[in-house]
Amino acid sequence: MAFFKSSTRTIPDAGGVPRHVAIIMDGNGRWAKKYFLPRFAGHSRGVETVREAVRYCLGRGIGYLTLFAFSSENWRRPMEEVSLLMQLFTKALKQEVAKLDDNGVRLKIVGDVSRFDARLQELIHDAEITTAANAKLTLTVAANYGGRWDIVQALNRMAVELPEKQGQWTEDDFAPYLAMNHAPEPDLFIRTGGEERISNFLLWQLAYTEFYFTATLWPEFDAAAFDLAVASYQKRERRFGRVSEQLTVDAGETPASGDAKLHA
Ligand code: IPE
Ligand code: IPE
Ligand code: MG
């Protein structure tokens, strides 16, 4: 299997659509409160927004969409909310997989799924198998995911599989063990709901991602709001350590100077 090399080595065209968008879908609870509804109603409405975001990416030719659905810290919420979220996830998998498949969407779940009940694990497994060959959009749902968990699980697997290189492991040795090894690094990170933090989402992969924070609550994050995020991204100049003048000269393939030394 081919893995993606770090996208920070080359200069992607930020003027185009982002290849990979990663989103922290936050603000469901506050949306519900605003309309005097129970928190769960916000999560239900949030699933509608997921559908809309998938449609948006399919329509705009965005190849990878990664959504943070449940963090490794979200187990700290009241048991009732956790259990309702699990039910909602189960229901969404049952209802949506056939439709995703019809639309050419490959579904991937990243996170420690071993903590989910057996039925949910089975649904996840089946959904991934069913949609594995689709290539229009890769939709990755991070569930019981934590960026630190990911780094530690990758390290543990690498240590077992490459013991002879201990003390000399490189970034290129390590990256294939990360849960997101099926996708290039995100170009655009969006967090809805007004908070400006990563909350243990993709720590390794966001190293050079463009960040966009919006106060819009996730249930209200529609195509127009998504457009604003993409437009903001398209105005950015991505330098990956270089100076502005180098970008027009090197545009495209030139590896970062010093890169050869680092990765030789
Ligand atoms: C995000 O919305 C969804 C999950 C974390 C599952 P929240 O539930 O965090 O909504 P707020 O932040 O309380 O508004
Ligand atoms: C982050 O949202 C996790 C998800 C959106 C799944 P939280 O609402 O849990 O984040 P914090 O606790 O406010 O940082
Ligand atoms: Mg929140």
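**Exercise 1. Which residues have the most contacts inside the largest nonpolar core, and how many residues does this core have?**

Before you start, keep in mind that you're looking at a predicted model.

*Solution.*
Step 1: Count the core. The largest nonpolar core is made up of 41 residues.
Step 2: Pick out its hubs. L65 and F226 have the most contacts inside this core.
Step 3: Ask where the core's residues come from. Helix 3, residues 79-102, gives the largest share, with seven residues.
Step 4: Look elsewhere. Apart from this core there's another one of 14 residues, and I24, Y145, A179 and L202 are among them.

**Exercise 2. Find L65 and work out how its strand fits in with the neighbouring strands.**

*Solution.*
Step 1: List what L65 touches. Leaving out residues up to four places away in sequence, its contacts include H20, V21 and I23, then A53, V54 and C57, and also the run L137, T138, L139 and T140.
Step 2: Turn to strand 2, which covers residues 64-71. Seven of its eight residues are buried, so to be counted here each of those seven has under 20% relative accessible area.
Step 3: Check one partner. Strand 1 (residues 20-24) runs parallel to strand 2, and five bridges join the two. Here H20 stands opposite Y64.
Step 4: Check another partner. Strand 4 (residues 137-145) also pairs with strand 2 in the parallel sense, over seven bridges. In strand 4, Y64 has T138 as its bridge partner.

**Exercise 3. Which residues surround ligand 1, and how much of its accessible area does the protein cover?**

*Solution.*
Step 1: Go round the ligand. Its surroundings are M25, D26, G27, N28, G29, R30, R39, H43, A69, N74, R77 and L85.
Step 2: Look for polar atoms reaching oxygen atoms of ligand 1. N28 does this with a backbone N or O atom, at 3.1 Å. R30 uses a polar side-chain atom, at 2.7 Å. The side chain of R77 also has an N or O atom 2.7 Å from an oxygen atom of ligand 1.
Step 3: Read off the cover. On its own, ligand 1 has 380 Å² of accessible area, and the protein covers 86% of that.

**Exercise 4. Now do the job again for ligand 2: which residues surround it, and which distances can you find?**

*Solution.*
Step 1: Go round this ligand too. You'll meet I24, M25, D26, F68, A69, F70, S71, N74, R77, R191, R197 and S199.
Step 2: Find the side chains that reach its oxygen atoms. D26 has a polar side-chain atom at 3.1 Å, R77 has a side-chain N or O atom at 3.2 Å, and R197 has a polar side-chain atom at 2.8 Å.
Step 3: Add the cover. The protein covers 79% of the 390 Å² that ligand 2 has accessible on its own.
Step 4: Compare the two lists. R77 turns up around ligand 1 and around ligand 2.

**Exercise 5. Where are N200 and F240 found, and what is the sign of phi at each?**

*Solution.*
Step 1: Recall the usual picture. Most residues other than glycine have a negative phi.
Step 2: Take N200. This residue isn't a glycine, yet its phi is positive, about 60°. N200 sits in the loop between strand 5 (188-191) and strand 6 (210-213). With a relative accessible area of 15%, N200 is buried.
Step 3: Take F240. Its phi is positive as well, about 50°, and F240 isn't a glycine either. The loop between helix 7 (223-234) and helix 8 (244-250) is where you'll find F240. F240 counts as buried because its relative accessibility is 8%.

Note on methods: Residues are numbered from 1 along each chain as its sequence is written. Chains are lettered from A and ligands numbered from 1 in the order in which they are written. This is a predicted model: local features need pLDDT of at least 70, side-chain atom pairs count only at pLDDT 80 or more; totals for chains, interfaces and linings use all residues. Side-chain values use heavy atoms; hydrogens and water are left out. A nonpolar core is a set of buried Ala, Val, Leu, Ile, Met, Phe, Trp, Tyr and Cys residues joined through side-chain atoms within 4.5 Å. Buried means under 20% relative accessible area, exposed over 50%, partly exposed in between (1.4 Å probe, protein chains only). Helices (H or I, at least four residues) and strands (E, at least two) are DSSP runs, numbered from the N terminus. Contact means heavy atoms within 4.5 Å. Two strands pair if DSSP finds at least two bridges between them. A residue is near a molecule or strand if one of its heavy atoms lies within 4 Å of it. A polar contact is a pair of N or O atoms within 3.5 Å; within protein, one must be able to donate a hydrogen and the other to accept it, and residues adjacent in sequence count only if both atoms are side-chain atoms. Accessible areas come from the Shrake-Rupley method with a 1.4 Å probe; for residues, only the protein chains shown count as cover.
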